[in-house]
Amino acid sequence: MNLLFKNKKISGILTVLPSKEVLFEDEIENYNFSAAKSMKLKMAMGYNKHRIVDEDTSVSDLCVYGLRHLLDHNLLKKEDIDALILVTQSPDYFMPATSSVIHGELELGRDVFCMDINQGCAGYIVGLIQSFMLLEQEQINKVVLLNADILSRKVSKRDRNSNPLIGDAATITIVEKSETPNTIYGTIKMDGSSSDALMIPAGGFKMPANAETSVMHEDAAGNFRSLENLVMKGDEVFNFVQTEVPPMIEELLSYARQNKDDIDWYMFHQPNRFMLNKLADKLGVPHAKMPSNIVENFGNASGATIPTNISYNIGKELENKQFRFCLSGFGVGLTWGALLMDIGNVDFNEIIYY
């Protein structure tokens with residue numbers, strides 16, 4: 001589905017990362033593989049270190065910490081917030097919505113609209129689309145978009161396929177109406193027939209967690225996990241990304257009547273460096289325009305990797321310049337989407353540590 005939005009802008013991005021950093025080598029003894037084989041995988045995939053929360057930290061903790069930073073530094077005012085959207089797969093509770101918990105912690109006004117969205121690696125694209133749609137309302141001028149996940153809690157420490165790449169993070173993106181013309185082109189696609197390619201089988205109402213679902217099993221590749229852990233069918237996900245994402249980007253560029261060279265930055269979700277570089281090659285985009293260094297430095301925090309990518313690789317430069325971006329996310333669902341938009345001269349673009 002192609003989408004078109006006008007006169008909306010991103011006016012600030014804040015990334016909140018856990019202070020705890022774990023090196024790949026620190027966990028190598030957990031895996032059922034030789035150290036030599038694991039180090040070979042590290043070089044191929046770009047694993048190095050990741051940041052994870054401690055056992056007492058929840059998604060709302062990271063989000064409230066970041067929002068208080070913005071409020072304390074006068075980068076955001078409570079009275080200006082019209083809507084709060086949280087995109088996450090690791091909510092504090094089944095109920096209430098975690099956005100409501102955050103609303104209560106910050107003592108926001110009763111007219112602030114709150115919404116949780118269950119989305120993963122395409123969550124930044126879905127969250128921005130929802131933000132733009134809310135801004136079509138006359139009464140809504142500023143939306144706070146939160147992308148946050150702490151999936152390290154749901155990944156088996158003995159799963160070499162998933163554990164080294166998973167990271168935790170929260171990002172806060174301020175989305176508001178723009179007085180200057182700014183046309184945003186978008187596309188979003190979904191295929192629920194492959195929803196088991198990335199999933200946590202047990203723990204919901206379909207398969208409640210119990211003693212049997214917590215038993216660890218070894219898969220054909222030698223990884224240990226239970227039904228309560230994240231399962232990623234790596235080959236299926238890789239083939240999905242390489243097959244579906246390039247034509248989607250080509251279609252979007254055609255829809256917007258733009259060329260690849262018109263784009264300054266291709267800020268894509270980052271599953272790992274190997275997949276990103278293959279994607280760049282298939283699209284014919286220089287690797288320098290599609291950074292792939294988030295997983296090796298912080299880990300893959302699902303929908304938060306795109307704003308983290310922007311904060312880490314462009315930083316303060318975005319506060320004084322404007323660039324043409326192609327943003328794209330792909331994964332759980334399966335869901336894949338992209339946006340073409342100008343971002344720049346923002347009020348803030350930084351990383352802080354919890």
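**Exercise 1. Place M275 in the predicted model and classify its exposure.**

Solution.
- Step 1: find the element. M275 sits in helix α6, which covers residues 273–283.
- Step 2: read the accessibility. The relative accessible area of M275 is 5%.
- Step 3: apply the cut-off. Buried means under 20% relative accessible area, so M275 counts as buried.
- Step 4: list the partners. Beyond four places in sequence, M275 is in contact with V237, F238, V241 and Q242.
- Step 5: check one pair by C-alpha distance. M275 and V241 are 34 residues apart along the chain, and their C-alpha atoms are separated by 8.2 Å.

**Exercise 2. Find where Q258 lies, and decide whether Q258 is buried or exposed.**

Solution.
- Step 1: locate Q258. The residue belongs to the loop between α5 (234–255) and β14 (265–268).
- Step 2: take the accessibility. Q258 has 17% relative accessibility.
- Step 3: compare with the cut-off. Under 20% is buried, so this loop residue counts as buried.
- Step 4: name the contacts. Leaving out residues up to four places away, Q258 touches Y185, L253, I263, R324 and L340.

**Exercise 3. Describe the surroundings of N349, then follow the contact to G315.**

Solution.
- Step 1: place N349. The residue is in strand β17, residues 348–353.
- Step 2: classify N349. Its relative accessible area is 2%, so N349 is buried.
- Step 3: look for a polar partner. The side chains of N349 and S311 are joined by a polar contact of 3.1 Å.
- Step 4: collect the contacts. Residues up to four places away are not counted; N349 then touches I13, I310, S311, I314, G315, K316, L318 and E319.
- Step 5: move to G315. This glycine is in the loop between α8 (305–313) and β15 (322–331).
- Step 6: classify G315. With a relative accessible area of 13%, G315 is buried.
- Step 7: cross-check the contact. Under the sequence filter of four places, G315 touches I310 and N349. I310 also appears among the residues that N349 touches.
- Step 8: add a distance for contrast. G315 and E179 are 136 residues apart along the chain, and 24 Å separates their C-alpha atoms.

**Exercise 4. Which peptide bonds, ending at P96 and at L334, are cis?**

Solution.
- Step 1: take the bond into P96. The peptide bond from M95 to P96 is cis, and its omega is near 5°.
- Step 2: locate P96. The proline lies in the loop between β5 (83–87) and α3 (98–105).
- Step 3: take the bond into L334. G333 and L334 are joined by a cis peptide bond, with omega about -5°.
- Step 4: locate L334. The leucine is in the loop between β15 and β16 (335–344).

**Exercise 5. Report phi, location and exposure for N7 and N345.**

Solution.
- Step 1: read phi for N7. The angle is positive, about 60°, although N7 is not a glycine.
- Step 2: locate N7. The residue is in the loop between β1 (2–6) and β2 (8–17).
- Step 3: classify N7. Its relative accessible area is 35%, so N7 is partly exposed.
- Step 4: read phi for N345. The angle is positive, about 50°, and N345 is not a glycine.
- Step 5: locate N345. The residue is in the loop between β16 and β17.
- Step 6: classify N345. At a relative accessible area of 48%, N345 is partly exposed.

**Exercise 6. Summarise the whole protein and explain why it is as compact as a globular protein of its length.**

Solution.
- Step 1: take the secondary structure. The protein has 8 helices and 17 strands.
- Step 2: test compactness. The radius of gyration is 20 Å, and the globule rule gives 20 Å for 354 residues, so the protein is as compact as a globular protein of that length.
- Step 3: add the extents. Along the principal axes, the C-alpha atoms fill a box of roughly 60 × 45 × 35 Å.
- Step 4: take burial. Of the 354 residues, 56% are buried.
- Step 5: check contact range. Among contacts between residues at least 6 apart in sequence, 77% join residues at least 24 apart.
- Step 6: read the surface. The accessible surface is about 15,400 Å², and carbon and sulfur atoms hold 49% of that area.
- Step 7: take the charges. There are 33 positive and 46 negative side chains, and the centres of the two sets lie 4 Å apart.

Note on methods:
Residues are numbered from 1 along each chain as its sequence is written. This is a predicted model: local features need pLDDT of at least 70, side-chain atom pairs count only at pLDDT 80 or more; totals for chains, interfaces and linings use all residues. Side-chain values use heavy atoms; hydrogens and water are left out. Helices (H or I, at least four residues) and strands (E, at least two) are DSSP runs, numbered from the N terminus. The radius of gyration is taken over C-alpha atoms; the globule rule is 2.2 Å times the number of residues to the power 0.38. Buried means under 20% relative accessible area, exposed over 50%, partly exposed in between (1.4 Å probe, protein chains only). Contact means heavy atoms within 4.5 Å. Accessible areas come from the Shrake-Rupley method with a 1.4 Å probe; for residues, only the protein chains shown count as cover. Lys and Arg count as positive and Asp and Glu as negative; His and the chain ends are not counted. The place of a charge is taken as NZ of Lys, CZ of Arg, CG of Asp or CD of Glu. A polar contact is a pair of N or O atoms within 3.5 Å; within protein, one must be able to donate a hydrogen and the other to accept it, and residues adjacent in sequence count only if both atoms are side-chain atoms.
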